[in-house]
Amino acid sequence: MIILANDGISAIGIATLEDNGFKVLTTTVAQEQLANYINEKEVSVLLVRSTTKVTKELIDQCSSLKLIGRGGIGLDNIDVGYANKKGIKVINTPEASSISVAELVFAHLLSGSRFLYDANRNMPLEGDSNFKKLKKGYAKGIELRGKTIGIIGFGRIGQEVAKIAIAFGMKVIYYDTEIAKKDIEINFFDNQRVTFSLEASTKDEVLKNADFITLHVPHQKEYTITKNDFSNMKDGVGIINTARGGSIDEVALVAALEGKKVAFAGLDVFESEPNPEIRILMHPSISLSPHIGGSTIEAQDKIGIELAKQIIEIFKA
């Protein structure tokens, strides 16, 4: 059976599949050529990340497909309903990248709270000539300890964010329409465990009380954070989005940054991705990364292993 990992797969994932008799192709095929390639190679399993789009049209053109796998959580780029209708199973790896995404949240959060996103732009340019000026300009950073983080969307990633926040000494509040209460267990290096019980707040309560807001929601047709939502936030709030482009009204975000309602933003995903708006890319109060939330060595290995295990269970049972 032939598997095409069109957006790549870790070496350990390939090895696990090949040890179980599967042939794995890792050629990256352009979207417009994908159907022809799948048919030519008689691909049975198509594995993707966020780049490749598995549309109704692609599914109709590829009669050999038996399974579609998504490395990661979101299934926005796969027409799951139509695939299931055609008898094609769809799988994903919802837990594999949770820690990586949660840690990136804090990379942006620490970058924003200490102006590192801007210092790293200006130090190479002015560090030798205006050191004292830069030092004074970046001297009003804030600590995370004792601050309140508001988590919108409290699935696996949101819960991992909560664990890190608690370890930082932060207060955690969250909003989720599905999870009213949740026990968060934190495991330490010496095998000690501590459990914290959290209860959901309303969205308005999170917006009004959080010093920092981070989004962990699936793709939505409407903005999760709208123009009106910014007016309900604390002055000087920090906002992080590592979830989905289009979760935040970026025009309203820029206006809130310009008006100092929002002190800084950290964005890993963008409304017009993969061509983010220049106003976003050039803004001096936005910490930026190119959709790398789940892109760590550890996460990629977990994703590869989890995909391989599921494929083996489905076809070797």
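This passage describes the pockets, the enclosed cavity, two helix contacts and two backbone features of a predicted model.

The largest pocket encloses about 1,000 Å³ of space. Its lining comprises 43 residues, of which Ile73, Gly74, Ile157, Val217 and Arg244 lie closest to the pocket centre. By class, this lining consists of 19 polar, 14 nonpolar and 10 charged residues. The greatest contribution to the lining of the largest pocket comes from helix α8, residues 156-167, which supplies 3 residues.

Helix α8 also packs against another helix. The axes of α8 and of helix α5, residues 98-113, come within 8 Å and cross at roughly 50 degrees. The angle therefore makes α5 oblique to α8. This crossing of α5 and α8 is right-handed. On the side of α5, the contact is formed by Ser98, Ile99, Val101, Ala102, Glu103, Val105 and Phe106, and on the side of α8 by Arg156, Ile157, Glu160, Val161, Ile164 and Ala165. The contact of α5 with α8 contains 9 nonpolar residues, together with 3 charged and 1 polar. Ile157 thus appears in two settings: it is among the residues closest to the centre of the largest pocket, and it belongs to the α8 side of the contact with α5.

The second largest pocket holds about 430 Å³ of space. Among the 15 residues lining this pocket, those closest to its centre are Ser50, Lys53, Asn77, Glu273 and His291. The lining of the second largest pocket is made up of 7 polar, 6 charged and 2 nonpolar residues. Glu273, one of the residues closest to the centre of this pocket, is joined to Pro274 by a cis peptide bond with omega near 15 degrees. Pro274 is located in the loop between strand β12 (262-267) and helix α12 (278-281).

A further backbone feature occurs at Lys260, a residue other than glycine whose phi is positive, near 70 degrees. Lys260 is placed in the loop that runs between helix α11 (250-258) and β12. Strand β12 therefore borders both loops under the strand and helix assignment used here, the one with Lys260 and the one with Pro274.

With respect to enclosed space, a search of the whole structure identifies 1 cavity of 30 Å³ or more. The volume of the largest cavity is about 70 Å³. Its lining is formed by Asp7, Gly8, Ile9, Ser10, Leu47, Val48, Arg49, Gln300, Ile303, Gly304 and Leu307. Strand β3 (45-48) and helix α13 (297-316) each provide at least two residues of this lining, and α13 accounts for the largest share, with 4 residues. The lining of the largest cavity divides into 5 nonpolar, 4 polar and 2 charged residues.

Helix α13 is also packed against helix α1, residues 11-19, at an angle of about 20 degrees, with the two axes 7 Å apart. The helices α1 and α13 are therefore roughly parallel to each other. The crossing of α1 and α13 is right-handed. Residues Ile12, Gly13, Thr16 and Leu17 of α1 meet Asp301, Gly304, Ile305, Ala308, Ile311 and Ile312 of α13 in this contact. By class, the contact of α1 with α13 has 6 nonpolar, 3 polar and 1 charged residue. Gly304 takes part in this contact and also lines the largest cavity.

Technical notes: Residues numbered from 1 in each chain as written. Predicted model: local features only at pLDDT ≥ 70, side-chain atom pairs only at ≥ 80, totals over all residues. Heavy atoms only, no water. 1 Å grid on protein atoms, 1.4 Å probe; cavity = no way out; pocket = protein on both sides within 12 Å on 5 of 7 lines; lining within 4 Å. Points joined across faces, edges and corners; volume = space filled by probe spheres on them. Nonpolar A, V, L, I, M, F, W, Y, C, P; charged D, E, K, R; others polar. Axes fitted to C-alpha atoms, helices over the stretch in contact; angles between N-to-C directions. Parallel < 35°, antiparallel > 145°, perpendicular 65-115°, else oblique. Left-handed = near helix turned anticlockwise from the far one by under 90°. Contact = heavy atoms within 4.5 Å.
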